[in-house]
Structures are given as structure tokens and as C-alpha cells.
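Biologist: Mind walking me through this one? I'd like to hear the reasoning as well as the answers.

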Amino acid sequence: MAFEAKRCGVQFSPPYAHKETNKVRKRVIPVRNFSKLSDCCVAAERLKNHFRHKAYLEGVSLNQLERLHIVLQDHMQGYSLEHSLATFHVDPDEDLNKLDDGELARKKGQMDKLFEQNRRHKDDPDFIYDLEVDFAHTTQEKCSWDEESDDGF
């Protein structure tokens with residue numbers, strides 16, 4: 001029997017009202033052995049490959065399951081849903097040197113995904129081989145060490 005996931009989400013408080021319409025059914029999958037300190041990537045892989053849930057989560061990407069685990073972990077740490085969702089967006093002014101390894105890897109993955117979306121391939125209809133773009137030049141202040149290092153060159 002084939003299953004197709006229409007939506008996948010996180011429910012913070014277990015009691016809920018449930019209505020069945022036609023043949024669409026709601027399946028609640030518990031997240032076990034997950035804490036504030038758990039690795040979200042490992043937990044998402046474990047849930048996706050679990051023998052009971054594998055057929056249901058076949059159409060859900062591992063990336064989406066990892067994001068849902070991150071939202072759940074942020075909720076366990078006391079962060080709001082808005083804060084959790086804001087961490088998935090890449091801020092160009094954010095200092096990536098101050099992030100821990102897990103968050104840095106997540107941000108790099110997001111930047112790689114955004115790069116691939118904006119990338120032009122040779123087969124694209126609007127591809128231009130030697131595209132030259134003039135960017136606005138901003139005047140930068142000269143530093144004292146710039147002037148001193150010109151002696152040997």
C-alpha cells in the first residue's frame with residue numbers, strides 16, 4: 001500500500017481535536033528519546049528510517065524532518081516559533097564566525113541551496129556566456145597598514 005504525505009508538521013501539545021474527512025487520515029508520529037541536547041540530523045534520520053514510519057515518511061525530505069526537529073528542540077529550550085523560523089533565513093549581516101559548528105553547517109547548507117537556485121546553467125534559455133556587471137564602487141577608508149606595506153613591492 002502506498003502512502004503520500006500531504007503535510008508534515010510539529011504539534012507541541014499532544015491533546016488535539018481530530019476529524020476525518022473522506023479518506024484523508026491524520027497520523028501522529030511520536031518523537032521519542034529526543035531532548036534539548038539531541039542532534040537533530042541524527043534524530044531525523046532515525047525517524048525516517050524507523051520500520052513503523054518508513055512508508056509514511058517516504059515522500060518527506062530528510063531536510064524537512066531535520067527542520068521540524070530543530071523547531072521542536074527550540075520549543076523545548078523555550079524559544080518562540082517565530083524565533084525558530086527566523087533561524088532558517090540567511091541574514092547577510094550575521095557574523096557566521098560566532099556560530100557553533102551545527103548552526104554553521106545549517107547556514108552553509110542554506111546558502112548552498114540558495115546558490116543552486118540562483119545558479120545559471122548552460123542549458124538555461126537566459127544564459128549569457130561572458131556576462132559583465134558593473135557594481136557601484138564605494139570609497140573605502142585607507143588604513144595605516146596599507147600604506148606601510150607598499151615599501152617592498
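What follows is a chat about the cores, a helix, the salt bridges and a surface patch.

Modeller: Sure, but keep in mind that this is a predicted model.

Biologist: Let's start inside. Which helix gives the largest share of the largest nonpolar core?

Modeller: That core has 7 residues: Phe-34, Cys-40, Ala-43, Ile-70, Val-71, Leu-72 and Phe-88. Two helices, α1 (40-48) and α2 (62-76), each supply at least two of them. The largest share is 3 residues, and the helix they come from is α2.

Biologist: How many residues are in the other core, the one that lies apart from it?

Modeller: As a rule, nonpolar side chains in soluble globular proteins tend to be buried together. Here a separate core includes Leu-47, Leu-57, Val-60 and Leu-65. Its full count is 5 residues.

Biologist: Back to Phe-34. Which residues does Phe-34 contact, leaving aside neighbours within four places in sequence?

Modeller: Phe-34 belongs to the largest nonpolar core, and two of its contacts, Cys-40 and Ala-43, are listed in that core too. Leu-72 is another contact that is also a core member. The whole set is Cys-40, Ala-43, His-69, Leu-72, Gln-73 and Met-76.

Biologist: Now α1. How wide an arc around the axis do its buried residues cover?

Modeller: The buried ones in α1 are Cys-40, Ala-43, Ala-44, Leu-47 and Lys-48. They sit on the same side of α1, because the arc they cover is only 130 degrees. A general point fits in here: an α-helix has 3.6 residues a turn, so residues three or four places apart point the same way. Among what covers the buried residues of α1 is α2, and the arc you asked about is 130 degrees.

Biologist: On to charges. Lys-107 pairs with Glu-94 in a salt bridge, so is Lys-107 buried or exposed?

Modeller: Their side chains meet at 3.4 Å, N to O. The pair links distant parts of the chain, 13 residues apart, with Glu-94 in the loop between α3 and α4 (101-118) and Lys-107 in helix α4. Glu-94 is partly exposed at 27%. Lys-107 has a relative accessible area of 4%, and the cut-off for burial is under 20%, so Lys-107 is buried.

Biologist: The structure has 3 salt bridges. What is the closest N and O distance for Arg-120 and Asp-126?

Modeller: One of the others joins Glu-116 and Arg-119 at 3.5 Å, with Glu-116 partly exposed at 42% and Arg-119 partly exposed at 39%. In the pair you asked about, Arg-120 is exposed at 52%, while Asp-126 is partly exposed at 42%. Their closest N and O atoms are apart by 3.1 Å.

Biologist: Which residues does Thr-87 touch, not counting those up to four places away in sequence?

Modeller: Thr-87 is found in the loop between α3 and α4. At 16% relative accessibility, Thr-87 counts as buried. One residue it touches is Lys-107, the salt-bridge partner of Glu-94. The full list is Asp-74, Arg-106, Lys-107 and Gln-110.

Biologist: Last one, on the surface. Which residues make the nonpolar patch of about 300 Å²?

Modeller: Leu-81 is a good way in: it is placed in helix α3 (residues 81-86). With a relative accessible area of 40%, Leu-81 is partly exposed, and patch residues need over 30%. The patch is made by Val-10, Phe-12, Leu-81 and Leu-85.

Notes
Residues numbered from 1 in each chain as written. Predicted model: local features only at pLDDT ≥ 70, side-chain atom pairs only at ≥ 80, totals over all residues. Heavy atoms only, no water. Patch = residues over 30% accessible without salt bridge, like charges linked within 9 Å, V, L, I, M, F, W, Y side chains within 5 Å. Areas by Shrake-Rupley, 256 points an atom, 1.4 Å probe, with all protein chains shown as cover. Salt bridge = Lys/Arg side-chain N within 4 Å of Asp/Glu carboxyl O. Helix = DSSP H or I, 4+ residues; strand = E, 2+ residues; numbered from the N terminus. Buried < 20%, exposed > 50% of the residue type's maximum accessible area, 1.4 Å probe, protein only. Core = buried A, V, L, I, M, F, W, Y, C linked by side-chain atoms within 4.5 Å. Contact = heavy atoms within 4.5 Å. Arc of directions from axis to C-beta.
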